[in-house]
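User: I have a model open and would like to go through it with you. Could we start with the helices and then move to the sheets?
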Amino acid sequence: MSASTSSGTTDALGPDEGPGAGPGAELLAALLDGMDTALCAFDADGTITHWNREAERILGWSAQEAVGRPGFAGWAVRRADAGEVQARLMAAMDGGGRRVHEFALLRKDGGRVLVRTQSAGVRGADGKPAGVYCAFGEVHAQIDLERSIALSEALFEDASWGVVLVDADLRPTVVNAHAARALGGGRTTLLGRPLGELIAQGVEDLEGALQHVLAEGAPPAPAELWVTLRTAEGGRRRCWRSGFLRLASPLTEEPVPLGVGWLFQDVTSEKLVAQEADRVRFRSNQLHRASRSASECEDPMEAATSHLDYALAGFADHALVDLVVGERLVRAAATPSGEPGPCLPVAGGGIPLRYAAGHPALQAMDRTGSVRADAGAGQEAGVWAAERQWPGDSVHALCAVLRSRGRTLGVVTFLRSAHRSAFERPDAAYAESVAARVAAAVDLAQVLAPPR
């Protein structure tokens, strides 16, 4: 019982009052019988004056059988224990506040039940002790309640994963410390704010999952959601393994959804590690397949383009091969500039490329390494690509130098369109591995070529 309920009941349960003692008797009886807690009252002599339905449910004794009995001796408590139980209960009449005890009571069928009691004194109109009221419940039910409360407090204080309660409008109502850190705010500053203010990308997927839970219930397994958080430094991409629970009020006859409990863990690091492992495994397999395919080619230049065809899968949209002829670069092979296709020798090649100073391909030759380049945010992609004599949809470039037997033979350029991400360091390492194989094939082709 809450403190407010306890004080209200104390005022209503004067042990001198009985059924029909006033116009509020029917209301008092209805309130007592509607309580979820078992409740009984004793007058100053220890005689039972009130007994509600929950007490009858727990012990099996009806109000007619209980009211008027001089304490619990011989029917609700073993006679050997009755004196101690009665003394401890009635001690609350003279002391202030509530007393909490645990007793083994007897059911009407002879069984025993361990109960936890809260008792407090009742004072009459003259302010003198007039009796005691006692609220009690089965210990296991009390322990279950305490466990639930303890679990809730632990989740919102010490949990090592994020916990967010979201209302029916999909706005956070409770956020634990872990979730607040993950979302980039304070536990109170995040409350009531739309999720779209916190998440730049991926909020549609998250809100869709929450709406599904509200309508259909919790999904059978956790879901992995990729989101981009809004931060002062810009977007921060994270992967959250999320579980959802629909929250319904236990106090209504029909289940009324109160919102959704959202629990999540940040698994970005392990997902990135797994993705990188998959990428390395795939690229290693592609290099192996390319080497086997190239070994069956009679023409070394066909072997070179075969290496590029395998390298393009999942890596880039276009590949260009520029070879050194004299002091200039000449386009020797390329993929189609429109739809994807194989890398083929350029028909009618031999015309030098007019690369401007600072072109990424020239930089790669000067550095004897790889160079990455991207279209600027304010630049039109088509213009940027045209200035560098690349296909018009190119926005990301990676140039790797072709080296064999200590000589620079040319440059291979990989290009990505806007639907792909920019090249990164691991991509440069892979491009250099491909370039080494292409360079060996090109070198062999030049050795075997008839003298001009």
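Analyst: Certainly; please note that this is a predicted model. Helix H9 covers residues 268-294, and its 27 residues should span 39 Å at 1.5 Å a residue. The C-alpha atoms at its ends are 38 Å apart, which agrees with that expectation.

User: Which residues of H9 are buried?
Analyst: The buried residues are Thr-268, Arg-283, Gln-286, Leu-287, Ala-290 and Ala-294.

User: And what do those buried residues pack against?
Analyst: They pack against strands S9 (223-231), S10 (234-248), S11 (257-266) and S17 (407-417), and against helices H10 (300-312) and H13 (425-448).

User: How do H9 and H13 sit relative to each other, roughly parallel or roughly antiparallel?
Analyst: Their axes come within 12 Å and cross at roughly 10°. An angle under 35 degrees counts as roughly parallel, and H9 and H13 are therefore described as roughly parallel to each other.

User: Which residues make that contact?
Analyst: From H9, Glu-276, Arg-283, Gln-286, Leu-287 and Ser-291 meet Pro-426, Asp-427, Tyr-430, Ser-433, Val-434 and Arg-437 of H13. By class, the contact comprises 4 nonpolar, 3 polar and 4 charged residues.

User: Moving on to sheets. What is the strand order in the open sheet of 6 strands?
Analyst: The order is S7-S6-S11-S10-S9-S8, and the pairing is antiparallel. Strands S7 (172-175) and S8 (199-201) stand at the edges; each has a single partner strand, so one side of each lacks a neighbour in the sheet. From one strand to the next, the twist averages 40°.

User: How many bridges link S9 and S10?
Analyst: S9 and S10 pair in the antiparallel sense over 9 bridges. Leu-229 stands opposite Arg-236 in S10.

User: Which strands does helix H8 lie across?
Analyst: Helix H8 (residues 203-216) lies across S6 (162-166), S8, S9, S10 and S11, and runs at about 0° to S10. One residue of helix H8 is Gln-211.

User: Is Gln-211 buried or exposed, and how far is it from Gly-60?
Analyst: Gln-211 is neither: at 46% relative accessibility, this residue counts as partly exposed, because the partly exposed class lies between 20% and 50%. Gln-211 and Gly-60 are 151 residues apart in sequence and 45 Å apart in space, C-alpha to C-alpha.

User: Different topic: S3, S4 and S5. How do S3 and S4 pair?
Analyst: S3 (residues 99-106) and S4 (residues 112-123) pair in the antiparallel sense over 8 bridges, and Leu-106 stands opposite Arg-112 in S4. The two strands form a hairpin with 5 residues between them, where Gly-110 in the turn has a positive phi of about 100°.

User: And what joins S4 to S5?
Analyst: S4 and S5 (residues 129-138) run antiparallel and are joined by 9 bridges; Arg-116 stands opposite Gly-137 in S5. Their hairpin has 5 residues between the strands, and Gly-127 takes a positive phi near 85°.

User: Back to S17, then. How many of its residues are buried?
Analyst: In S17, 9 of the 11 residues are buried, so this strand is largely enclosed by the rest of the structure.

User: What are its strand partners?
Analyst: S12 (residues 318-325) pairs with S17 in the antiparallel sense over 6 bridges, with Val-321 opposite Val-412 in S17. S16 (residues 394-404) also pairs with S17 in the antiparallel sense, over 10 bridges, and Ser-394 has Ser-417 of S17 as its bridge partner. S16 and S17 form a hairpin with 2 residues between them, and Arg-405 in the turn has a positive phi of about 50°.

Note on methods. Residues numbered from 1 in each chain as written. Predicted model: local features only at pLDDT ≥ 70, side-chain atom pairs only at ≥ 80, totals over all residues. Heavy atoms only, no water. Helix = DSSP H or I, 4+ residues; strand = E, 2+ residues; numbered from the N terminus. Expected span 1.5 Å × (residues − 1). Buried < 20%, exposed > 50% of the residue type's maximum accessible area, 1.4 Å probe, protein only. Contact = heavy atoms within 4.5 Å. Axes fitted to C-alpha atoms, helices over the stretch in contact; angles between N-to-C directions. Parallel < 35°, antiparallel > 145°, perpendicular 65-115°, else oblique. Nonpolar A, V, L, I, M, F, W, Y, C, P; charged D, E, K, R; others polar. Pairing = 2+ DSSP bridges.
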